[in-house]
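Please open the model in your viewer and keep the sequence panel beside it. This tour suggests what to select at each stop and then describes what is found there.

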Amino acid sequence: MGASHILLVYGSRSARRLGLLEKISHVLSEEGLSVSELGGIVPNPRLDKVYEGIRIGKENGMFDVTHGAGLAAIWSSWARYVYKNCLPRFVRFARNVMVITTSGTDAEIAEAGIAAMEQFFHHIGMPTNMRELGITPSDQQILEMADRCMAACGNRTGSAKKLTAKDAVIIYQNAR
């Protein structure tokens, strides 16, 4: 699913009176999702209800960053963590995508490709670490980020290297 928190929006009190909200909340919590509720929604809701939903969503989001900027901020850390597990792939990336033409060992070429990607991110105004993104996650927040990542992907993820929560923590720490 890719989510860790659900905002359950409903209209009248009948959803609660009939037990529907309790059933839905129970199913979602069994799936490991936390739930916030926003009731009293009518057709063509007033803006104050829309803003209330946005406020609830932001309170339950860890950082207010765009998806692309967040990915750019951790990409270098991830790449440096996994490239040795699939060195030929990173060499192809360096040569064919980042047009690295210098000679060197495969590891040096892969590193040059990663550095070139960081330069590209900066060129287009994207961050290459969390500090540049404007966030400074605590150790506890990094643990929560790793847990959310693993929960979203079934506890193991990656094609370059199968990553665990411990791997995700290291990648996030290196991206600070």
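The tour begins with the whole chain and then moves from one selection to the next.

**The whole chain**

Before selecting anything, keep in mind that this is a predicted model. Colour the chain by secondary structure, and you should be able to find nine helices and two strands. If you follow the chain along the sequence, these elements come in the order β-α-α-β-α-α-α-α-α-α-α. The radius of gyration is 21 Å, whereas the globule rule gives 16 Å for 176 residues, so the protein is more spread out than a compact globule. Turn the model along its principal axes, and the C-alpha atoms will be seen to fill a box of roughly 70 × 30 × 30 Å.

Now switch on the surface, which comes to about 11100 Å² of accessible area, with 55% of that area belonging to carbon and sulfur atoms. Of the 176 residues, 34% are buried. If you colour the charged residues, you will be looking at 20 positive and 17 negative charges, and the mean positions of these two groups lie 3 Å apart. Among contacts between residues at least 6 apart in sequence, 61% join residues that are at least 24 apart.

**Strand β1 and L7**

Select residues 5-9, which form strand β1, and then pick out L7 within this strand. Is L7 buried, partly exposed or exposed? Its relative accessible area is 31%, and L7 is therefore partly exposed, since this class lies between the 20% limit for buried and the 50% limit for exposed residues. Show the surroundings of L7, and, leaving out residues up to four places away in sequence, you will find that L7 touches S36, E37, L38, G53 and I56. Add G57 to the selection as well, because the C-alpha atoms of L7 and G57 are 7.0 Å apart in space although the two residues are 50 apart in sequence. 

**The largest nonpolar core**

Next, select W75, F90, M98, I100, I114 and M117, which touch the most other members of the largest nonpolar core, a group of 21 residues. Two or more residues of this core come from each of the helices α4 (67-82), α5 (87-97) and α6 (106-123), and α6 gives the most, with six residues.

Centre the view on F90 and show what surrounds this residue. Which residues does F90 touch, not counting those up to four places away in sequence? They are W78, A79, V82, Y83, A110 and I114.

Stay with helix α4 and select S76, which lies in this helix. S76 has a relative accessibility of 3% and so counts as buried. Apart from residues up to four places away in sequence, S76 touches I114, E118 and T128.

**The loop between α5 and α6**

Follow the chain into the loop between α5 and α6, and select V99 there. The backbone of V99 deserves a careful look, for V99 has a positive phi of about 55° although it is not a glycine. With a relative accessibility of 56%, V99 counts as exposed.

**The second core and A146**

Now select M130, I142, M145 and A146, which are among the 14 residues of a second, separate core. Keep A146 highlighted and show helix α8, residues 139-153, in which A146 is placed. The relative accessible area of A146 is 0%, so this residue is buried. When residues up to four places away in sequence are set aside, A146 touches A165, A168, V169 and Y172. For a distance to display, choose the C-alpha atoms of A146 and M62, which are 12 Å apart, while the two residues are separated by 84 residues along the chain.

**R176, after the last stretch of helix**

For the final stop, select R176 in the segment after α9 (165-174). Its relative accessible area of 37% makes R176 partly exposed. Which residues is R176 in contact with, leaving aside its neighbours within four places in sequence? The contacts are with N129, M130, R131, P137, S138, D139 and I142. Two of these names, M130 and I142, were also included in the second core. Finally, draw a line between the C-alpha atoms of R176 and I74, and the separation will be 8.5 Å, although these residues are 102 apart along the chain.

Key:
Residues numbered from 1 in each chain as written. Predicted model: local features only at pLDDT ≥ 70, side-chain atom pairs only at ≥ 80, totals over all residues. Heavy atoms only, no water. Helix = DSSP H or I, 4+ residues; strand = E, 2+ residues; numbered from the N terminus. Rg over C-alpha atoms; globule rule 2.2 N^0.38 Å. Buried < 20%, exposed > 50% of the residue type's maximum accessible area, 1.4 Å probe, protein only. Contact = heavy atoms within 4.5 Å. Areas by Shrake-Rupley, 256 points an atom, 1.4 Å probe, with all protein chains shown as cover. Lys, Arg positive; Asp, Glu negative; His and termini not counted. Charge placed at Lys NZ, Arg CZ, Asp CG, Glu CD. Core = buried A, V, L, I, M, F, W, Y, C linked by side-chain atoms within 4.5 Å.
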